[in-house]
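Consider how a protein leaves room for a ligand and where further empty space remains in it. The structure below may be read with that topic in mind.

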Amino acid sequence: MTLYQPFLDHAIAYLHDRLPDLQPYPIPIGFESKSAIVGKGKHENEVVTTSYGYQSSKLRQIRAAHVQGGSSLQVLNFVIFPKLNYDLPFFGADLVTLPGGHLIALDMQPLFRDRPKYQAKYTKPILPIFETYQPHLPWGGDFPEEASQFFSPAFLWTRPQQNEVVETHVFSAFKDYLEAYLDFCDRATPVTDSEQLAEIEASQLRYLRYRAEKDPARGMFTRFYGAEWTEEYIHGFLFDLEKHMVKA
Ligand code: DBV
């Protein structure tokens, strides 16, 4: 029962296809794979979290965390962080299956959400894809208000009840968004203007800090693997920009 394995397999194969300069991204020792036995009696389950990392000339970090803990605990969190000298959005997928059902977040998260020129460049082209899926993947309701600044108008946020919806429409949307994202990458040219570079850096940091601080998986990881492992995983791998900036 690994609902999101095909998503991960597709993403890795497709990245290799599209990015001839794809390289591994180092995963800190102890974080490639982590496992714990959770629950008691017939609810006892092994929960395994595996990590994947890549990079390319334009993309600082492409990383995935895959959590597999039986049919009612599956997560694929997949994010692409562009280098700081590109104005590219983030590719963000949070695909979550819990006992209550599925929770799907898929978007190209903008650096400058409210700038019309930025929207025209990075949101308008994906609106037709968004609209194709909207009838099958309706708005998922309740959403943290403070998070909305980080999402584009093409944000797919949905809570399907059936696995089949995930296997068909969500999988197809994931592939289409990733394709469109790599199309943006192909076209992206380096930013050299120092004022613009400063804005990009500030926006990336704002996003990173928010996600590291509010990581909705923190509670789950802490229960499974302890606080020390979890904080190191969040700041040392999942959202690691600041750590690397200090070194630079
Ligand atoms: N989410 C992550 C990482 C995860 C992860 C790194 C590796 O950012 C999993 C694991 N997301 C995860 C889990 C849950 C969610 C929920 C386990 C369920 C938490 C629970 O119910 O116990 C989008 N993910 C969510 C929610 C949102 C997102 C909005 C619901 C949380 C809530 O209702 O409070 N993706 C998430 C998000 C941003 C994003 C907030 C913000 C920029 O990109």
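The paragraphs that follow describe the ligand and its surroundings, and then the pockets and the cavity.

The model shown here is a predicted one. A ligand is present, and 22 residues surround it. The closest of these are Asn77, Asp94, Gln109, Arg211 and Asp215. By class, the shell around the ligand consists of 17 nonpolar, two polar and three charged residues.

Which polar side-chain atoms lie close to atoms of the ligand can be stated for three of the residues named above. A polar side-chain atom of Asp94 is 2.6 Å from a nitrogen atom of the ligand. For Gln109, a polar side-chain atom lies 3.2 Å from an oxygen atom of the ligand. In the case of Asn77, an N or O atom of the side chain is 3.3 Å from an oxygen atom of the ligand. On its own the ligand has 870 Å² of accessible area, and the protein covers 80% of this.

Where does the ligand sit? The ligand occupies the largest pocket. Five elements give two or more residues each to the shell around the ligand: the strands β5 (74-82), β6 (90-98) and β7 (101-109), and the helices α5 (194-214) and α6 (218-225).

The largest pocket itself contains about 930 Å³ of space. It is lined by 46 residues, of which Asp94, Val96, Leu103, Pro216 and Ala217 are the closest to its centre. At least two lining residues come from each of β3, β4, β5, β6, β7, α5 and α6. The lining of the largest pocket divides by class into 30 nonpolar, eight polar and eight charged residues.

The second largest pocket has a volume of about 210 Å³. Its lining is made up of Asp87, Phe112, Arg115, Lys117, Tyr118, Lys121, Gln196, Glu199 and Ile200. Both α2 (116-122) and α5 supply at least two of these residues. Three residues of this lining are nonpolar, one is polar and five are charged.

Finally, there is the matter of enclosed space. Across the whole structure, one cavity of 30 Å³ or more is found. The largest cavity has a volume of about 30 Å³, and its lining consists of Leu8, Ile12, Leu15, Tyr52, Tyr54, Ile62, Arg63, Ala64 and Phe78. Two or more of the lining residues are given by each of α1 (5-18), β3 (45-55) and β4 (59-68). Eight residues of the cavity lining are nonpolar, none is polar and one is charged.

Technical notes
Residues are numbered from 1 along each chain as its sequence is written. This is a predicted model: local features need pLDDT of at least 70, side-chain atom pairs count only at pLDDT 80 or more; totals for chains, interfaces and linings use all residues. Side-chain values use heavy atoms; hydrogens and water are left out. A residue is near a molecule or strand if one of its heavy atoms lies within 4 Å of it. A polar contact is a pair of N or O atoms within 3.5 Å; within protein, one must be able to donate a hydrogen and the other to accept it, and residues adjacent in sequence count only if both atoms are side-chain atoms. Accessible areas come from the Shrake-Rupley method with a 1.4 Å probe; for residues, only the protein chains shown count as cover. On a 1 Å grid over the protein atoms alone, a cavity is a set of points where a 1.4 Å probe fits but cannot get out, and a pocket is an open set with protein on both sides within 12 Å along at least five of seven lines; lining residues have an atom within 4 Å of a point. A molecule sits in a cavity or pocket if more than half of its atoms lie within 2 Å of its grid points. Helices (H or I, at least four residues) and strands (E, at least two) are DSSP runs, numbered from the N terminus. Ala, Val, Leu, Ile, Met, Phe, Trp, Tyr, Cys and Pro count as nonpolar, Asp, Glu, Lys and Arg as charged, and the others, Gly among them, as polar. Grid points are joined across faces, edges and corners, and a volume is the space filled by probe spheres set on the points.
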